[in-house]
Amino acid sequence: MTPAQSLLRAATGLNLSKAVVDRAIKNRMEQTAAADAEAYLRQMTPEEMTALVELVVVPESWFYRDPQAFAAMTEFVRARLGTEPGRLLRILSIPCAGGEEPYTIAMVLTDAGIPAANFMVDAFDISPTCVARAKSGIYGRNAFRAQDLAFRDLHFTSAGDGDYRVNDSIRQQVRFKQGNLLEFDLSARTGYYDVVFCRNLLIYFDKPTTKAAIGKLRALLADDGQLFAGYAEVPSFCQHGFTPLSYNQAFGLLKDSAAPAKLPRVPHAPRVPAKAPPPPAARSIASPPSLPTTTPLPLPPLRSRAPATRQAVTPTAAPGAPPAAAADLLAAARRLADLGDVKAAEKHCRDHLAQHPESAEAYFILGLLNELTNKPKMAEDYWKRCIYLQPDHYEALCHLALLAEANNDASGAAALKARAARIYKRQQAS
Ligand SMILES: C[S@@+](CC[C@H](N)C(=O)[O-])C[C@H]1O[C@@H](n2cnc3c(N)ncnc32)[C@H](O)[C@@H]1O
């Protein structure tokens with residue numbers, strides 16, 4: 001790891017590639033007229049560090065991203081207020097990126113008829129630019145990627161140039177602040193939050209940082225609260241004191257201490273992997289906690305998760321380019337897919353495949369792109385090709401399982417989930 005990578009890792013926790021860090025340093029050297037990278041690092045100030053961090057974070061988010069989490073949260077809030085009607089429920093969104101997630105929480109609860117006096121959302125992000133954007137409450141096309149945009153008519157006002165501004169009734173429910181999860185001061189907030197959203201952050205951390213971050217989140221969450229993670233992050237939570245909820249595709253978790261006593265096992269059902277805490281004492285929010293149930297394997301959302309780095313969209317690599325450039329093509333393809341630019345993303349995948357015809361990852365992304373454009377059969381073909389080339393591709397297996405479920409092929413879905421669970425278990429063991 002280079003000194004610049006270590007510096008940024010220490011400041012953010014992010015596991016950044018050398019290419020991303022070098023690009024950010026080069027950019028800042030130009031802005032600050034530093035003679036060379038060493039001189040730039042030597043003259044580092046807190047303000048300059050903030051500017052550098054801005055260049056490596058991935059502030060990708062949109063309204064109603066992975067909507068099942070919001071439905072599960074609403075049920076939880078309703079149930080809580082059912083037993084304690086006067087209560088103020090405290091909700092944390094960290095990281096909040098440009099505010100899309102915390103505003104979605106406020107919109108969903110408002111639409112569910114939860115009185116404004118009964119909930120409050122605190123939202124943090126390490127990036128001051130993100131926090132400023134969130135406070136402004138103005139959003140362009142990219143923030144509105146959900147299929148159903150009825151919420152925009154209800155809770156936004158046109159701000160011209162195709163932009164929309166969140167209405168004040170929603171804005172007043174959310175408090176934004178710049179903050180680093182890893183440096184969160186717990187003294188006044190231990191057990192403070194009834195609900196925590198921490199989605200699509202831990203995927204950028206290494207294992208020790210993930211553990212430290214989960215320790216912070218565990219401390220912030222009330223013992224009887226609920227936490228919502230990104231789908232790929234659920235297994236890490238299971239390894240560090242959480243139990244998944246069996247609410248479909250919400251990726252919700254409870255603290256182990258809050259989970260009900262062990263429930264009977266259902267034979268052959270996919271389970272959380274061995275290194276995770278003992279087989280899930282899962283609880284469905286929709287059903288009474290005492291019902292025997294299994295915990296589903298964390299499954300991916302329909303849309304691709306954010307790209308692994310904030311790689312700028314890279315130009316097509318020249319033939320014979322080194323592997324790093326090929327990896328850039330895939331990172332760029334993921335980013336383009338997230339931005340909804342399916343055509344360009346597809347081109348990046350194909351360019352990558354021209355150099356690496358056996359790239360399972362490229363086929364995986366092509367599958368996602370076809371799913372996004374409502375071509376499930378094509379998506380299935382690509383994911384099958386992906387697992388043919390890489391039989392232990394966990395995400396492709398999860399997507400195929402979801403597709404099988406959508407096609408009412410329960411036994412096919414169960415077999416795929418079981419296979420994915422075995423792979424996950426093996427990967428954890430190694
Ligand atoms: C991909 S966004 C996730 C936003 C939102 N939770 C979602 O799922 O749509 C990741 C965000 O994490 C923020 N971030 C990175 N490291 C952080 C840290 N240590 N503490 C707080 N925020 C961080 C970045 O600035 C970026 O906005």
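Is alanine 213 buried or exposed? Before selecting this residue, please note that the structure on screen is a predicted model.

**Alanine 213**

Select helix H10, residues 207-220, and locate alanine 213 within it. Alanine 213 has a relative accessible area of 0% and is therefore buried. Next, add glutamate 183 to the selection. Along the sequence, glutamate 183 and alanine 213 are 30 residues apart, while in space their C-alpha atoms lie 9.2 Å from each other.

**The ligand**

Display the ligand together with its surroundings. There are 22 residues around the ligand, and those that come nearest are Ser61, Arg65, Pro95, Asp125 and Asn200. Three contacts to nitrogen atoms of the ligand may then be inspected in turn:

- At threonine 12, a backbone N or O atom lies 3.0 Å from a nitrogen atom of the ligand.
- At glutamate 101, the side chain supplies a polar atom 3.1 Å from a ligand nitrogen atom.
- At isoleucine 126, a polar backbone atom is 3.3 Å from a nitrogen atom of the ligand.

The ligand taken alone exposes 600 Å², and the protein buries 99% of that area.

**Proline 95 and its peptide bond**

Keep proline 95 selected, since it is one of the residues that come nearest to the ligand. Proline 95 occupies the loop between strand S1 (89-93) and helix H6 (100-111). Show the backbone and examine the link to isoleucine 94: the peptide bond joining isoleucine 94 and proline 95 is cis, with omega at about 5 degrees. Most peptide bonds, by contrast, are trans.

**Arginine 65 and tryptophan 62**

Return to Arg65, another of the residues nearest the ligand, and add tryptophan 62. The charged end of arginine 65 sits over the tryptophan 62 ring, at 4.2 Å from the ring centre. A second arrangement of this kind can be found by selecting arginine 218 and phenylalanine 242. Here the charged end of arginine 218 is placed over the phenylalanine 242 ring, 5.8 Å from its centre.

**Tyrosine 64 and aspartate 161**

Which residue in the loop between helix H4 (46-54) and helix H5 (68-83) should be selected next? It is tyrosine 64. Although tyrosine 64 is not a glycine, its phi is positive, at about 60 degrees. Most residues other than glycine have a negative phi. With a relative accessible area of 18%, tyrosine 64 falls under the 20% limit and therefore counts as buried.

Now move to aspartate 161, in the loop between strand S4 (156-160) and strand S5 (163-166). Aspartate 161 also is not a glycine and has a positive phi, of about 55 degrees. Its relative accessibility is 83%, so aspartate 161 counts as exposed.

**The aromatic cluster**

Select the aromatic side chains. The structure contains 20 aromatic pairs. One of them joins phenylalanine 151 and phenylalanine 156 in an edge-to-face arrangement, with 6.1 Å from centre to centre and 70 degrees between the planes. Phenylalanine 151 and phenylalanine 156 are both buried. To widen the view, colour the aromatic cluster formed by Phe63, Tyr64, Phe70, Tyr103, Tyr139, Phe144, Phe151, Phe156, Tyr164, Phe176, Phe197 and Phe228. Tyr64, visited above for its positive phi, is thus a member of this cluster.

**Arginine 145**

Where does arginine 145 lie? It is in the loop between strand S3 (138-139) and helix H8 (150-155). Arginine 145 is buried, because its relative accessible area is 13% and the limit is 20%. Show its side chain along with glutamate 60 and asparagine 142. The side chains of arginine 145 and glutamate 60 make a polar contact at 2.6 Å. The arginine 145 side chain also reaches the backbone oxygen of asparagine 142, at 2.7 Å.

**Alanine 326**

Proceed to helix H12, residues 323-338, where alanine 326 is found. Alanine 326 has a relative accessibility of 2% and so counts as buried. Add glutamine 355, which is 29 residues away from alanine 326 in sequence; the C-alpha atoms of the two are 7.9 Å apart.

**Residues 360-393**

Finally, select residues 360-393, which UniProt lists in an unreviewed entry as "repeat: TPR". This span is 79% helix and 0% strand, and its end C-alpha atoms lie 8 Å apart. Helix H15 (residues 376-389) contains arginine 385. Arginine 385 is partly exposed, with a relative accessible area of 41%. Tyrosine 363 is 22 residues from arginine 385 along the chain, and their C-alpha atoms are separated by 6.7 Å.

Definitions and conventions: Residues numbered from 1 in each chain as written. Predicted model: local features only at pLDDT ≥ 70, side-chain atom pairs only at ≥ 80, totals over all residues. Heavy atoms only, no water. Phe/Tyr/Trp six-rings, centres within 6.5 Å; stacked < 30°, edge-to-face > 60°. Buried < 20%, exposed > 50% of the residue type's maximum accessible area, 1.4 Å probe, protein only. Lys NZ or Arg CZ within 6 Å of the ring centre and 35° of its normal. UniProt positions renumbered as here; feature names shortened; annotations may be inferred. Helix = DSSP H or I, 4+ residues; strand = E, 2+ residues; numbered from the N terminus. Near = heavy atom within 4 Å. Polar contact = N/O pair within 3.5 Å; in protein donor to acceptor, adjacent residues only side chain to side chain. Areas by Shrake-Rupley, 256 points an atom, 1.4 Å probe, with all protein chains shown as cover.
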